[in-house]
Amino acid sequence: MRVAVLSDVHGNRHAFEAVLEDVASADVAETWCLGDVVGYGADPGDCVDLAREHCAVTLAGNHDLAVTGELSLDDFSRGAALAARWTADVLSQLHLSWLEGLSPAGERAGAGLYHGSPRDPVWEYVVSALLAELCFDAAPERVLLVGHSHVALSFTRREGDAATGERRYGGDEADLSQGRWLVNPGSVGQPRDGDPRAAWLLLDLETRRATWRRVRYDVDGAAKAIRAARLPDSLAERLEYGQ
Ligand code: ZN
């Protein structure tokens, strides 16, 4: 089975549509979303609709949980809290109820799915080999899929060795057949790894190959929508830089 893994859509309809179009050309059986469907971007309702329609699994991210009121906004930056309040105002009750039903952790086809990490599915950013070690020790699954940091990367640990990690670029491939793996597809709607293109991961569960994909999308359109909604300008600007 081939699977599309994506994360951190953040209300960016332009990016989400471009990724789903690329996914459609890749002949996958299922699409898995690791959370943060909303927050930051100007089209949260459209993104919820697209996730409901296209994703076999969707996790809750910290921004989704803030919008539904499950997490306090005190733990968010000013811009993120503003965007969360705005998002809660514009979403329909149907959208909010759907978000309320999501969980930040799950399991599918033997893989562990977490928004943040197995140790803290809501908040932990796994961006170092040391943290990856702790995650491997904490999780039962051999392959772990995480989002949250908005950085495409992977960590691996072979029996008896220390974990190592690397940033992943569009077109990179990894053979996941040996050892433990923790993989982040990168972010659909707000990449923070210097590449403004939308990110997703193609996972082949038979051959155990992972391929990191990047897709150009209408960044201008997404930025204009953020400005038209009077959300903080910095949220529009950062899309152009992928930071
Ligand atoms: Zn996020």
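Start with the zinc ion's donor residues and their spacing along the sequence: D-x1-H-x25-D-x113-H. Asp 8 lies in the loop between β1 (2-6) and α1 (13-24), while His 150 lies in the loop between β6 (143-146) and β7 (153-157), so this pair ties together parts that are 142 residues apart in sequence. Keep in mind as you click around that this is a predicted model.

Now show the ion with its side chains as sticks. The zinc ion is coordinated by OD of Asp 8, NE2 of His 10, OD of Asp 36 and NE2 of His 150, at 2.0 to 2.4 Å. Which angles do the four donor atoms subtend around the zinc ion? They run from 87 to 178°, which makes the arrangement irregular. For tetrahedral sites, the ideal value would be 109.5 degrees.

Switch on a surface and look for two of these residues. Are Asp 8 and His 150 buried or exposed? Asp 8 is buried, with a relative accessible area of 0%, and His 150 is buried too, at 1%.

Next, select residues 2-6, which is β1. Four of its five residues are buried, so β1 is largely enclosed by the rest of the structure. Colour its partners as well. Strand β11 (residues 198-204) runs antiparallel to β1, and four bridges join them. Strand β2 (residues 30-33) pairs with β1 in the parallel sense, also over four bridges. Val 3 is a handy residue to centre on: its bridge partner in β11 is Leu 203, and in β2 it stands opposite Glu 30.

Go back to the His 150 side of the site and pick up the strands there. An open sheet of six strands has the order β4-β5-β6-β10-β7-β8, and its pairing is mixed. At the edges stand β4 (105-108) and β8 (164-167), each with a single partner strand, so one side of each is left without a neighbour in the sheet. Look along the sheet and you'll see a twist that averages 15° from one strand to the next.

Zoom in on the middle of that order. β6 and strand β10 (residues 180-184) pair in the parallel sense over three bridges. To find the register, select Leu 144, which stands opposite Leu 182 in β10. Then add residues 129-138: this is helix α6, which lies across β6, β7 and β10 and runs at about 60° to β7.

Now jump to residues 219-228, helix α7. Which of its residues are buried? They are Val 219, Gly 221, Ala 222, Ala 223 and Ile 226. Show α1 and α8 (233-241) alongside, since the buried residues of α7 pack against both. Just after α7, stop at Arg 230, which takes a positive phi of about 60°.

Finally, zoom out to the whole protein chain. There are eight helices and twelve strands in it. Its radius of gyration is 17 Å, close to the 18 Å that the globule rule gives for 243 residues, so the chain is as compact as a globular protein of that length. Along its principal axes, the C-alpha trace spans about 50 × 35 × 30 Å. Colour by burial and 58% of the 243 residues count as buried. For a contact map, take the contacts with a separation of 6 or more: residues 24 or more positions apart account for 73% of them.

How values were computed. Residues are numbered from 1 along each chain as its sequence is written. This is a predicted model: local features need pLDDT of at least 70, side-chain atom pairs count only at pLDDT 80 or more; totals for chains, interfaces and linings use all residues. Side-chain values use heavy atoms; hydrogens and water are left out. Donors are N, O and S atoms within 2.8 Å of the metal (3.2 Å for Na, K and Ca); water is not among the atoms, so sites may look incomplete. Four donors count as tetrahedral if all angles lie between 85 and 135 degrees; four count as square planar and six as octahedral if opposite donors are over 155 degrees apart and all others between 65 and 115; anything else is irregular. Helices (H or I, at least four residues) and strands (E, at least two) are DSSP runs, numbered from the N terminus. Buried means under 20% relative accessible area, exposed over 50%, partly exposed in between (1.4 Å probe, protein chains only). Two strands pair if DSSP finds at least two bridges between them. Axes are lines fitted to C-alpha atoms, for helices over the stretch in contact, and angles run from 0 to 180 degrees between N-to-C directions. Contact means heavy atoms within 4.5 Å. The radius of gyration is taken over C-alpha atoms; the globule rule is 2.2 Å times the number of residues to the power 0.38.
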